[in-house]
Amino acid sequence: MLSQVVELIEKNNDFAITTHIKPDGDGVGSSLGLCWLLRSLGKNAEVIVRGDVPPSYASLPGAEEIRDVSELNGNYDAVFVIECSDIDRPGIAGLEKVFTVNIDHHATSEHFGSINWIDSTASAVGEMIYNLCKAVGGRITKEIAECVYMALVTDTGSFHFPNTSDRTLKVASELIKAGAKPSKIGEAVYYNYPWSRIELMRQVLSTVRRDESGRIAMMRQTLEMRENAEAIDGDNNGFVNIPLAAREIKAAVYMREVAPNKYRASLRSKGDINVARVAEKFGGGGHKNAAGLGVEGDWDELERDIVAALAEAIKASSE
Ligand SMILES: [Mn+2]
């Protein structure tokens, strides 16, 4: 919990921060925000991530210093692990042997850390980093503000997803006061994609269909599409939300082939349709309106099973 995190920071000096592979704006923004916070307190801190950081977040202060690491090779008092469901999600060997602090806003997170601070009421981990800054008596510097604002914007869909609360907007307001520029960060996220994203989107959208109820949309991405588009990690961020723009669509599943017969599925829903429950049935997890899972087997069959589970979830809701 928060008080343990505060105590840990006060009593130690050398920290690393990591997040999941293929990090999103909350993963990168919160990691960098925490890094700047620790540095502002006079601590040594660095962000380590396995693989590349998507270009949307490359302009954040400190992004150029993020180290691509596959095995833990520093001497740290503790490693912060930002929004990971389990200790393997960062893809960094050796994490299980060190003191870790699990910081997450997903209720389904395993309590894998030496300290676990989970707040499922936070819109983004960024909101928690802001709270941590206040709890340690830190000042919101311009760097912290820019990074944490990025986390909020991306995880709340520019402040319109159901996780957006009065607290989220209050925090955003404080971040703007501290120097975050909404237009600059908005442009970095929404008007800064490589062309490969548009090319991949064109191919993926060509697969979009609806089930017979007309309320569930299905979309697929093959390995070949990725290759044809010369896509990079992060190019498909948010694709799953596209079909939800249609009034009739209440839930969507977007399945990506990650290896032959192996798929990642993203689920989204509107209103009180709970797709976290659906994801859990298949060994995944997430939030009520946004969840994900990994499955293996026959594509058509898996999609049929997921769509059937989504139909059940719609039935159980008031939608
Ligand atoms: Mn998040």
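**Contacts, cores and sheets in a predicted model**

Colleague: Which residues does Val-148 touch, leaving out residues up to four places away in sequence?

Modeller: They are Gly-29, Ser-30, Gly-33, Gly-126, Ile-129, Tyr-130 and Leu-175. The model is predicted.

Colleague: What makes those residues count as touching Val-148?

Modeller: The cut-off is 7 Å between C-beta atoms placed from the backbone. The seven names are therefore residues whose C-beta atoms lie within 7 Å of that of Val-148.

Colleague: Val-148 is in helix 4. How do you describe the packing of helix 3 and helix 4?

Modeller: Two packed helices are described by the angle and the distance between their axes. For helix 3 (residues 125-135) and helix 4 (residues 142-155), the axes come within 7 Å and cross at roughly 145°. Helix 3 brings Val-125, Gly-126, Glu-127, Ile-129, Tyr-130 and Cys-133 to the contact. Helix 4 brings Ile-144, Val-148, Ala-151, Leu-152 and Asp-155.

Colleague: How do the residues of that contact divide by type?

Modeller: Into 8 nonpolar, 1 polar and 2 charged. Gly counts as polar and Tyr and Cys as nonpolar, so Gly-126 goes with the polar and Tyr-130 and Cys-133 with the nonpolar.

Colleague: What makes a set of residues the largest nonpolar core here, and which members touch the most others?

Modeller: Members must be buried, of a listed nonpolar type, and joined through C-beta atoms within 7 Å. The largest such core has 57 residues. Ile-17, Phe-80, Ile-129, Val-148 and Tyr-149 touch the most other members. Helix 4 supplies the largest share, 9 residues.

Colleague: What else is called a core?

Modeller: A second, separate set of 35 residues. Leu-200, Ala-229, Ala-265 and Ala-290 are among them.

Colleague: Turn to the sheets. What is the strand order in the open sheet of 6 strands?

Modeller: It is 3-2-1-4-5-6, with parallel pairing.

Colleague: Why are strand 3 and strand 6 called edges?

Modeller: Strand 3 (67-68) and strand 6 (115-118) each have a single partner strand, so one side of each has no neighbour in the sheet.

Colleague: How do you know that strand 2 and strand 3 pair?

Modeller: Pairing needs at least two bridges. Strand 2 (residues 44-49) and strand 3 are joined by 2, so they meet the criterion. Val-49 stands opposite Asp-68 in strand 3.

Colleague: And strand 1 with strand 2: how many bridges?

Modeller: 4, in the parallel sense. Phe-15 has Ala-45 in strand 2 as its bridge partner.

Colleague: What makes strand 1 mostly covered?

Modeller: A residue is buried with 20 or more other C-beta atoms within 10 Å. In strand 1, 5 of the 6 residues are buried, so the strand is called mostly covered. Helix 2 (residues 25-40) lies across strand 1 (14-19), strand 2 and strand 4 (78-82). Helix 2 runs at about 170° to strand 1.

Colleague: Why is Ser-40 called partly exposed?

Modeller: Ser-40, in helix 2, has 17 other C-beta atoms within 10 Å. Buried starts at 20 and exposed stops at 12, so 17 is in between.

Colleague: Which residues does Ser-40 contact, beyond neighbours within four places?

Modeller: Gly-138, Arg-139 and Thr-141. Ser-40 and Thr-141 are 101 residues apart in sequence and 8.1 Å apart in space, C-alpha to C-alpha.

Colleague: What makes Glu-174 partly exposed?

Modeller: Glu-174, in helix 5 (residues 166-177), has 17 other C-beta atoms within 10 Å. That count lies between 12 and 20, so the label is partly exposed.

Colleague: Which strands pair with strand 10, and in what sense?

Modeller: Strand 9 (residues 251-259) pairs over 8 bridges in the antiparallel sense. Strand 12 (residues 290-296) pairs over 7, also antiparallel. Arg-256 stands opposite Arg-264, and Arg-268 has Ala-290 as its partner. Strand 10 (residues 262-269) has 6 of its 8 residues buried.

Colleague: What lies between strand 9 and strand 10?

Modeller: A hairpin turn of 2 residues. Asn-261 there has a positive phi of about 65°.

Colleague: Where do the domain bounds fall?

Modeller: The domain assignment gives domain 1 (2-190) and domain 2 (195-315). Their centres are 26 Å apart over C-alpha atoms. In the contact, 11 residues of domain 1 meet 8 of domain 2. The domain 1 side divides into 2 nonpolar, 6 polar and 3 charged.

Note on methods: Residues are numbered from 1 along each chain as its sequence is written. This is a predicted model: local features need pLDDT of at least 70, side-chain atom pairs count only at pLDDT 80 or more; totals for chains, interfaces and linings use all residues. Axes are lines fitted to C-alpha atoms, for helices over the stretch in contact, and angles run from 0 to 180 degrees between N-to-C directions. Two residues are in contact if their C-beta atoms, placed from the backbone, lie within 7 Å. Domain bounds come from an automatic or database domain assignment.
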